[in-house]
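Here are a few exercises to work through with the model open in your viewer. Try each task before you read its solution.

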Amino acid sequence: MNPYVYVGLDPNDKDVVKVIVRNKFQYAISSAVKKYTNIPFEDITSSRRDADISEARHIVCYFLKMYTKMHYTEIGLFLGNRHHSTIINSVKTIKDLVTIDKKFKAKIEEINGIIINNIRA
């Protein structure tokens with residue numbers, strides 16, 4: 001269902017509210033990663049494999065899975081039609097890096113703070 005076609009629908013409908021909240025998180029997460037990394041969202045969704053772009057893409061996957069109830073397939077579609085197994089690998093990669101790299105964990109926590117501020121705004 002297209003999120004821009006909700007005019008006139010009942011706002012108490014749980015499906016509509018779920019989609020609106022999900023899109024708010026998508027925007028908050030993508031803009032936070034874009035702000036932190038200075039990488040345009042078009043590059044994050046592109047097929048480019050540069051290390052900084054791939055890392056930003058992995059981070060977006062991680063936070064989308066953490067903050068939304070999106071399925072791996074939905075996250076893949078949001079990020080340029082990627083396969084669900086790619087998204088699973090991205091989320092696992094970030095989880096592993098957070099547990100072993102303190103600097104990377106600090107980076108993720110800082111991006112998380114930006115996301116929270118974006119959601120509250």
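## Exercise 1: A salt bridge and its surroundings

At 37% relative accessibility, Arg 48 is classed as partly exposed. Keep in mind that this is a predicted model.

Task: find out which residue forms a salt bridge with Arg 48 at 3.6 Å, and which network Arg 48 belongs to.

Solution:
- Step 1. The partner is Asp 43, and the closest N and O atoms of the pair are 3.6 Å apart. This passes the salt-bridge cut-off, which is 4 Å.
- Step 2. Asp 43 has 22% relative accessibility and is partly exposed. Buried would require a value under 20%.
- Step 3. A network of salt bridges links Asp 43, Arg 48 and Asp 50.

## Exercise 2: Two more pairs

Task: for the salt bridges Lys 107 with Glu 55 and Lys 92 with Asp 96, work out which helices hold the residues and how far apart they are in sequence.

Solution:
- Step 1. Recall the principle: side chains of opposite charge can pair when their charged atoms come close.
- Step 2. Lys 107 and Glu 55 meet at 2.6 Å, N to O. Lys 107 sits in helix H6 (residues 102–120) and Glu 55 in helix H3, so this bridge ties together parts that are 52 residues apart in sequence.
- Step 3. Lys 107 is partly exposed at 22% relative accessible area, and Glu 55 is partly exposed at 27%.
- Step 4. Lys 92 and Asp 96 meet at 2.9 Å, N to O. They are four residues apart in helix H5 (residues 84–100), which means that about one helical turn separates them.
- Step 5. Both ends of this pair are partly exposed: Lys 92 has a relative accessible area of 49%, and Asp 96 has 36%.
- Step 6. As a check on your list, the structure holds four salt bridges.

## Exercise 3: Helix H3 and the core

Task: describe the span of H3, then state what H3 gives to the largest nonpolar core.

Solution:
- Step 1. H3 covers residues 51–67, which is 17 residues, and reaches 24 Å from its first C-alpha to its last. That is close to the 24 Å expected at 1.5 Å a residue.
- Step 2. Buried residues in H3 include Ile 53, Ala 56, Ile 59, Val 60, Phe 63 and Leu 64. Polar names are on the list too, among them Ser 54 and Arg 57.
- Step 3. The largest nonpolar core has 28 residues, of which Ile 59, Phe 63, Ile 108 and Ile 115 touch the most other members. H1, H3, H5 and H6 are the elements giving two or more residues to this core, and H3 gives the most, with eight.
- Step 4. Now look around Ile 115. Leaving aside neighbours within four places in sequence, Ile 115 is in contact with Ala 28, Ile 29, Ala 32, Phe 63 and Tyr 67.

## Exercise 4: A buried serine

Task: is Ser 31 buried or exposed, and which backbone oxygen lies 2.8 Å from a polar atom of its side chain?

Solution:
- Step 1. Ser 31 is found in helix H1 (residues 14–37).
- Step 2. Ser 31 has a relative accessible area of 18% and is therefore buried, the cut-off being under 20%.
- Step 3. The backbone oxygen is that of Tyr 27, 2.8 Å from a polar side-chain atom of Ser 31.

## Exercise 5: The whole chain

Task: how many helices and strands are there, and what percentage of the residues is buried?

Solution:
- Step 1. The count is six helices and zero strands.
- Step 2. Of the 121 residues, 34% are buried.

Terms used: Residues are numbered from 1 along each chain as its sequence is written. This is a predicted model: local features need pLDDT of at least 70, side-chain atom pairs count only at pLDDT 80 or more; totals for chains, interfaces and linings use all residues. Side-chain values use heavy atoms; hydrogens and water are left out. The expected span of a helix is 1.5 Å times one less than its number of residues. Buried means under 20% relative accessible area, exposed over 50%, partly exposed in between (1.4 Å probe, protein chains only). A polar contact is a pair of N or O atoms within 3.5 Å; within protein, one must be able to donate a hydrogen and the other to accept it, and residues adjacent in sequence count only if both atoms are side-chain atoms. A salt bridge is a side-chain nitrogen of Lys or Arg within 4 Å of a carboxyl oxygen of Asp or Glu. A nonpolar core is a set of buried Ala, Val, Leu, Ile, Met, Phe, Trp, Tyr and Cys residues joined through side-chain atoms within 4.5 Å. Contact means heavy atoms within 4.5 Å.
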